[in-house]
Amino acid sequence: MPAIRQLEPHVADLIAAGEVVERPASVVKELVENALDAGSSAVVVEIRRGGMGSIRVTDNGCGIPAEQLPTAFLRHATSKLQGAEDLGKIATLGFRGEALAAISAVSRVEIRTRRREDAMGAVLRLEGGVPGETEAVGAPEGTTVLVRDLFYNTPARLKFMKKDSAETAAVSGLMQHLALSHPEVSFRLLKDGTEVLHTPGDGRLDSAVYAALGREFARSLVPVEGRGGETAVSGFVTQPLQGRGSRAMQVFFVNGRFIKSQLLTAALEEGYRNQLMKGKFPGCVLAVTLPATAVDVNVHPAKTQVKFAQEKAVFDAVYHTVLDALAEQGGPDASAVPAEKSRPAAQAKPSFFQTMDAKTFREGGGRRPAWNTERTGSSVKLSDSAPAVFSQPFSPAPKLRKLEPLPSIGGCPPSSVTGAPPKREEVRREEPALRPAVPAIPRQEAEVPGQETLEPEEAPWRIVGEVLRTYIVCESEEGAVWLIDKHAAHERINFDRLKAAQEPPMRQTLLLPAVVELGGEDCALLLENLPLLKDFGFACEDFGGSAVLVREVPAEMDAGDIAPTLEEIAAKLRSGRSPAERREGLLHTMACKAAIKGGWKTDPAELRVLVDRVQRGEVRFCPHGRPVAVKVSKYQLEKMFKRA
């Protein structure tokens, strides 16, 4: 066994940096949290090449004394803890004293700072954790930290970095969470010189939500506020009809700190029980406030997980607050429906009947006008049943050339082109004669030598009908009754087809590209897997912030399914453990979105194809393992009715 020896300080710093600094977003998180702890009211973050080129964080906080700059970059050096007793009541975002030391160990850092009471500022430069000399310089009030060449001295970590677009999305998602946790602070994020986020810092959470998460998500929210004992809950939750395809838009804060908590997620979703569509998840921006002694934030190096002293009390506070807010809403809120969907049909397309009230329309004003060929001056005389809107004078029309009579079809003389329409009774008498004299698919009477006309084989089953617009009722020749789930059957057919396909699916180019707002992590995942999305028919690109621009989608996909499909794909990419599992999960999502939905009116020919595939035994289970068809034998039916 090799001898045990203590690691060199530089190696220990690199190991510690690996726990704190995983990617550029980790650097931004630590620096912005330090800026917030310094009492800043405005924070500006600038990144280049997703943060791998440079990261600059500027704040207007209290600043750092010049003589303390070298000390700030030592391990376990902090101004936020004075003794062991302070660990039980941490009220600041940062407290470990490892952030600046870890960042400087794997990058080149420059820090400029000035306190309000100082006439001059100070600058300190470090490379690989080794500090230079502190110099006096002119500087604005606050602190600016510039980080360049991240992981330049740790190539093993450098090769695991994602594409610049994915790293940018991760930073953007982080900045969204920080902005939501502190609406009283104005945040700006600039990507390669372009501003992608700017919050007003007016102290209103709804303003921060609108700026960070977008208008559509903000319009779907319901305000919540409640208290249970020492636990206060406030913020916003989505309306039940606005469920999301994943949990990416669930944002929780505890005492101003963004966290991930299964306890809070369970409490939120329990409040939506029996109000949310299956497979959908609520979104939220919820702030939980409780005494610092009732929560332990020192359980994770990245400080994204906490432990509650009274978990049941916190669960109940969140659950009842959400439940009460949804109960006050009553039924679905029409204001949450997008304007394009909620607009009345009469406003969507101009109509002749806009000038009429409902009573006039019901009394006959809505019938087709009966035109009278008698001219009077420059106007046309209408029958009494014509709406008033048609009775406006107009200029005489040019004289039309008389057309030659059309040849008769099926023995029925043609109507005059220039004459008045035939009366309703005449049309009814002529109907039988208007039927075509030959069938739509003519039979070949003449025998062709060497050829034989094959009649389609009669199926050993018949479709009785469809119930609830979801289940096909089919009777087999042995007298059994089959109930077939048309969505599950079609989903399985799509899944098998996609899995066996050797080429990418056909794509359709959108006339107007769709902008899909996603959570920061979901956006980063999609941008990391753009080639995989292309294989499934999606042409996407980075649109800034946490948005993805979609230019092409699979030909079978409805435009309304683009956003939920991408959300589900991101969830599958997050949960899949191997490339094969991830690909199969994506196939499940694509097959489901392209399948016939329960409740849709389906063409009989489509139903026949589904039944034929099921009856031949090709389709037995949906991709999720649910049965596609249920068989009820004749004996079972007779037993139900006491005949057996």
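Which residues of α2 are buried? In this predicted model, the buried residues of α2 are Pro24, Ala25, Ser26, Val27, Val28, Lys29, Glu30, Leu31, Val32, Glu33, Ala35 and Leu36. Twelve of the 14 residues are thus buried, so α2 is largely enclosed by the rest of the structure. The helix covers residues 24-37. At 1.5 Å a residue it should span 20 Å, and its end C-alpha atoms are indeed 20 Å apart. Glycine 39 follows α2 and has a positive phi, near 80°.

The largest nonpolar core has 54 residues. Val32, Val45, Met175, Leu180 and Phe187 have the most contacts inside this core. One of these five, Val32, is also among the buried residues of α2. In soluble globular proteins, nonpolar side chains tend to be buried together. Leaving aside residues up to four places away in sequence, methionine 175 touches Val28, Val32, Val45, Phe187, Arg188, Leu189 and Leu197. Val28 and Val32 belong to the buried set of α2.

Leu189 and Leu197 recur in a hairpin. Strand β8 (residues 186-191) and strand β9 (residues 194-198) run antiparallel and are joined by four bridges. Leucine 189 stands opposite leucine 197 in β9. Two residues separate the strands of this hairpin. Aspartate 192, in the turn, has a positive phi of about 50°.

An open sheet of five strands follows the order β10-β11-β14-β12-β13, with mixed pairing. At its edges stand β10 (221-228) and β13 (257-259). Each has a single partner strand, so one side of each is left without a neighbour in the sheet. From one strand to the next, the twist averages 20°. β10 pairs with strand β11 (residues 231-238) in the antiparallel sense, over eight bridges. Within this pair, glycine 235 in β11 is the bridge partner of valine 224.

Two helices meet the strands of this sheet. Helix α6 (residues 164-181) lies across β12 (250-254), β13 and β14 (284-289). Its direction is at about 50° to β12. Helix α9 (residues 262-271) packs on the sheet and touches β11, β12, β13 and β14. The direction of α9 makes about 125° with that of β12.

Further along the chain, strand β19 (residues 461-467) pairs with β20 in the antiparallel sense over six bridges. Tyrosine 471 in β20 is the bridge partner of valine 467. The hairpin of β19 and β20 has three residues between the strands, and leucine 468 takes a positive phi near 55° there. β20 also runs antiparallel to strand β21 (residues 481-485), to which five bridges join it. Here valine 473 stands opposite leucine 483 in β21. Four residues lie between the strands of this second hairpin, where glycine 479 takes a positive phi near 95°.

Cysteine 474 lies in strand β20 (residues 471-476). With a relative accessible area of 0%, cysteine 474 is buried. Not counting residues up to four places away in sequence, cysteine 474 touches Trp461, Arg462, Ile463, Val464, Ala480, Val481, Trp482, Val611 and Gln615. Cysteine 474 and arginine 608 are 134 residues apart along the chain, yet their C-alpha atoms are separated by 9.8 Å.

Another open sheet has three strands in the order β22-β24-β23, and its pairing is antiparallel. β22 (507-517) and β23 (539-542) are the edge strands. Each has a single partner, so one side of each is left without a neighbour in the sheet. Neighbouring strands are turned by 15° against each other on average, direction ignored. Seven bridges join β22 to strand β24 (residues 547-554). Threonine 509 has glutamate 552 in β24 as its bridge partner.

A search of the whole structure finds zero disulfides. Cysteine 540 is in none, and the nearest cysteine sulfur, that of cysteine 523, is 9.9 Å away. Cysteine 540 counts as buried because its relative accessibility is 14%, under the 20% cut-off. For cysteine 622, the closest cysteine sulfur is in cysteine 592. That distance is 8.7 Å, too far for a bond, since a disulfide requires sulfur atoms within 2.5 Å. Cysteine 622 also counts as buried, at 1% relative accessibility.

Conventions
Residues numbered from 1 in each chain as written. Predicted model: local features only at pLDDT ≥ 70, side-chain atom pairs only at ≥ 80, totals over all residues. Heavy atoms only, no water. Buried < 20%, exposed > 50% of the residue type's maximum accessible area, 1.4 Å probe, protein only. Core = buried A, V, L, I, M, F, W, Y, C linked by side-chain atoms within 4.5 Å. Contact = heavy atoms within 4.5 Å. Pairing = 2+ DSSP bridges. Axes fitted to C-alpha atoms, helices over the stretch in contact; angles between N-to-C directions. Expected span 1.5 Å × (residues − 1).
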